[in-house]
Amino acid sequence: MEATEIKFSYIVKNIHFDEIHNVIISLHEFEIKNTLTWIWSDNAEIIARRRFTHLLDKNKKEIFEGDIVSFMYKNPQKPLSKLESVFCQVAWNKEKGMWSLEWLDGYINNYFLNCDKIEVVGNIYQNKELWK
C-alpha cells in the first residue's frame with residue numbers, strides 16, 4: 001500500500017473467540033479484491049471503521065483516527081510542573097478541518113499534530129486501559 005492511498009482500519013470482533021482485530025485495508029483492496037469477505041460473515045462484528053490520516057508518527061508508523069498516541073508534555077499553566085508522558089486520541093477537528101489531538105477531558109487541540117514527537121501506542125478500541 002502506498003502512503004497516498006485511501007485506507008481504512010476496521011476494528012473487528014470475532015464473536016466465537018471474543019477476539020478484537022485491527023485490519024488495515026486500502027480502498028482498492030476492498031473494492032477490487034474483496035479482501036474483507038470474512039468480516040461480512042456471521043463470525044465477525046464490525047466495531048469501528050477508522051480513517052487513515054496520511055500522517056506517520058515518529059517511528060514512521062501510520063496514524064489512524066482513534067489511535068492513542070503518547071508524547072512528552074509540560075503543562076504551560078503550571079510553571080513548576082515536570083515533563084511527563086501523556087496519552088491523547090487522534091481525532092478530526094471539524095472546526096479547523098484537520099487532524100488534531102483529543103485529550104481525556106474531551107478538549108481538541110486547535111493546531112496541527114507534531115508527528116515527529118508523537119508515538120502510536122494503541123487505539124481506543126483495543127487498548128481501552130490507556131484511554132481512561
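This is a short walk through one predicted protein chain, from its overall layout to its sheets, pockets and a few single residues.

Some ground rules. The model is predicted, so local features need pLDDT of at least 70 and side-chain atom pairs count only at pLDDT 80 or more, while totals for chains, interfaces and linings use all residues. Residues are numbered from 1 along each chain as its sequence is written, and side-chain values use heavy atoms, with hydrogens and water left out.

Let's start with the layout. The chain has 1 helix and 8 strands. Here, helices (H or I, at least four residues) and strands (E, at least two) are DSSP runs, numbered from the N terminus. Reading from the N terminus, the order is β-β-α-β-β-β-β-β-β. The chain has 132 residues, and 37% of them are buried. Buried means under 20% relative accessible area, exposed means over 50%, and partly exposed is in between, with a 1.4 Å probe and protein chains only.

Now the sheets. One open sheet has 4 strands in the order β2-β1-β3-β4, with antiparallel pairing. Its edge strands are β2, residues 19-26, and β4, and each of them pairs on one side only. The twist from one strand to the next averages 35°. For pairing, DSSP must find at least two bridges between two strands. For angles, axes are lines fitted to C-alpha atoms, for helices over the stretch in contact, and values run from 0 to 180 degrees between N-to-C directions.

Look at β3 and β4. They pair in the antiparallel sense over 3 bridges. Find Phe 52, and you will see that its bridge partner in β4 is Phe 64.

Next, another open sheet. Its 4 strands follow the order β7-β6-β5-β8, and the pairing is antiparallel. At the edges sit β7 (98-102) and β8 (119-123), each pairing on one side only. Neighbouring strands in this sheet are turned by 40° against each other on average, direction ignored.

Take β5 in this sheet. How many of its 7 residues are buried? The count is 5, so β5 is largely enclosed by the rest of the structure. Strand β5 covers residues 67-73 and pairs with β6, residues 84-93, in the antiparallel sense over 6 bridges. Within that pairing, Met 72 has Ser 85 of β6 as its bridge partner. With β8, strand β5 shares 4 bridges, again antiparallel. There, Asp 67 stands opposite Asn 123 of β8.

On to the pockets. A 1 Å grid over the protein atoms alone is used: a cavity is a set of points where a 1.4 Å probe fits but cannot get out, a pocket is an open set with protein on both sides within 12 Å along at least five of seven lines, and lining residues have an atom within 4 Å of a point. Grid points are joined across faces, edges and corners, and a volume is the space filled by probe spheres set on the points.

The largest pocket has a volume of about 270 Å³. Its lining includes Tyr 73, Pro 76, Glu 84, Trp 103 and Tyr 111. By type, the lining has 6 nonpolar, 2 polar and 3 charged residues. Ala, Val, Leu, Ile, Met, Phe, Trp, Tyr, Cys and Pro count as nonpolar, Asp, Glu, Lys and Arg as charged, and the others, Gly among them, as polar.

The second largest pocket holds about 160 Å³. Among its lining residues are Phe 71, Met 72, Tyr 73, Leu 101 and Ile 118. Strand β5 gives the largest share of this lining, 3 residues. The split is 9 nonpolar, 2 polar and 1 charged.

Finally, three single residues. Asp 57 lies in the loop between β3 (44-56) and β4 (62-64). Is Asp 57 buried or exposed? Its relative accessibility is 2%, so it counts as buried. Asp 57 and Ile 118 are 61 residues apart in sequence, yet 5.7 Å apart in space, C-alpha to C-alpha.

Asn 127 lies in the segment after β8. With a relative accessible area of 18%, Asn 127 is buried. A polar atom of its side chain lies 2.9 Å from the backbone nitrogen of Asn 123.

Last is His 16, in the loop between β1 (7-14) and β2. At 55% relative accessibility, His 16 counts as exposed. Its C-alpha atom is separated by 8.2 Å from that of Ala 44, 28 residues apart along the chain.

Notes. A polar contact is a pair of N or O atoms within 3.5 Å; within protein, one must be able to donate a hydrogen and the other to accept it, and residues adjacent in sequence count only if both atoms are side-chain atoms.
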